[in-house]
Amino acid sequence: MGRRDEILATAAELFARRGFHGVSVADLGAACGISGPALYKHFPSKDAMLAEMLVSISEELLRVGRARSRDEDDPQRALAALVDWHVEFALHNKPLIVVQDRDWDSLPEAARERVRSLQRRYVDLWVSRMREAEPGLGRAEARARAHATFGLINSTPHSAVLPERRMHALLATMALRGLGVPDGR
């Protein structure tokens, strides 16, 4: 992990605990073991940190989601691969989920539009695979199922109370059943 990634991970933890506006540049620097002004060698502003943090997670979700979906010919297996990926991501990135949810309004407008665009493409990936698995499924209902599934999976900052493997299995099974995949797999 590079220094920028370390700073972003530290910032995500602090923002998740105290909120974007509750963390100063001096707080970030101290948590990273450098002076606050030294952060400006890596990022032009605290807003730029938030933007990079949230844009990069949206890019990662889409990039890996596409790869996992593309690796499966069967649409139900593709949905299972998408669910496994999203659950894995959510279990390992709880602070980012909190930050995106709570500090969305602090995101600069250009970054907010980029994240929205990436998220729409990610949802469309899920919708496409759901409609392949269930040909009569309408686009609106498939989108609703995708968003409800994301809500379930992204509850990990509050719901992940079981050991990781058990939590992963529970969330994946619940998500797949909600998506209409028989027997949760």
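How far apart do the end C-alpha atoms of residues 24-43 lie, and how much of the span is helix? I opened the predicted model to check. The end C-alpha atoms of this span are 14 Å apart. Helix makes up 40% of residues 24-43, and strand 0%. I picked this stretch because of its record: an unreviewed UniProt entry lists residues 24-43 as "DNA-binding region", and such annotations may be inferred rather than shown by experiment.

**Largest pocket**

Next I looked up the pockets. The largest pocket holds about 560 Å³ of space. I found 25 residues lining the largest pocket. His86, Gln100, Gln119, Phe150 and Asn154 are the closest to its centre. I then asked which helices supply at least two residues each to this lining. They are helix 3 (46-70), helix 4 (75-92), helix 5 (94-103), helix 6 (109-133), helix 7 (139-153) and helix 8 (156-159). I sorted the lining by residue class: 12 nonpolar, 8 polar and 5 charged.

**Second largest pocket**

I moved on to the second largest pocket, with a volume of about 360 Å³. Its lining has 15 residues. Nearest the centre I noted Leu8, Ala9, Ile57, Asn93 and Leu96. Helix 1 (3-18), helix 3 and helix 5 each give two or more residues to this lining. I logged the classes here too: 8 nonpolar, 3 polar and 4 charged.

**Cross-check**

I compared the two lists of helices. Helix 3 and helix 5 appear in the list for the largest pocket. Helix 3 and helix 5 are also in the list for the second largest pocket.

Technical notes. Residues are numbered from 1 along each chain as its sequence is written. This is a predicted model: local features need pLDDT of at least 70, side-chain atom pairs count only at pLDDT 80 or more; totals for chains, interfaces and linings use all residues. Side-chain values use heavy atoms; hydrogens and water are left out. On a 1 Å grid over the protein atoms alone, a cavity is a set of points where a 1.4 Å probe fits but cannot get out, and a pocket is an open set with protein on both sides within 12 Å along at least five of seven lines; lining residues have an atom within 4 Å of a point. Grid points are joined across faces, edges and corners, and a volume is the space filled by probe spheres set on the points. Helices (H or I, at least four residues) and strands (E, at least two) are DSSP runs, numbered from the N terminus. Ala, Val, Leu, Ile, Met, Phe, Trp, Tyr, Cys and Pro count as nonpolar, Asp, Glu, Lys and Arg as charged, and the others, Gly among them, as polar.
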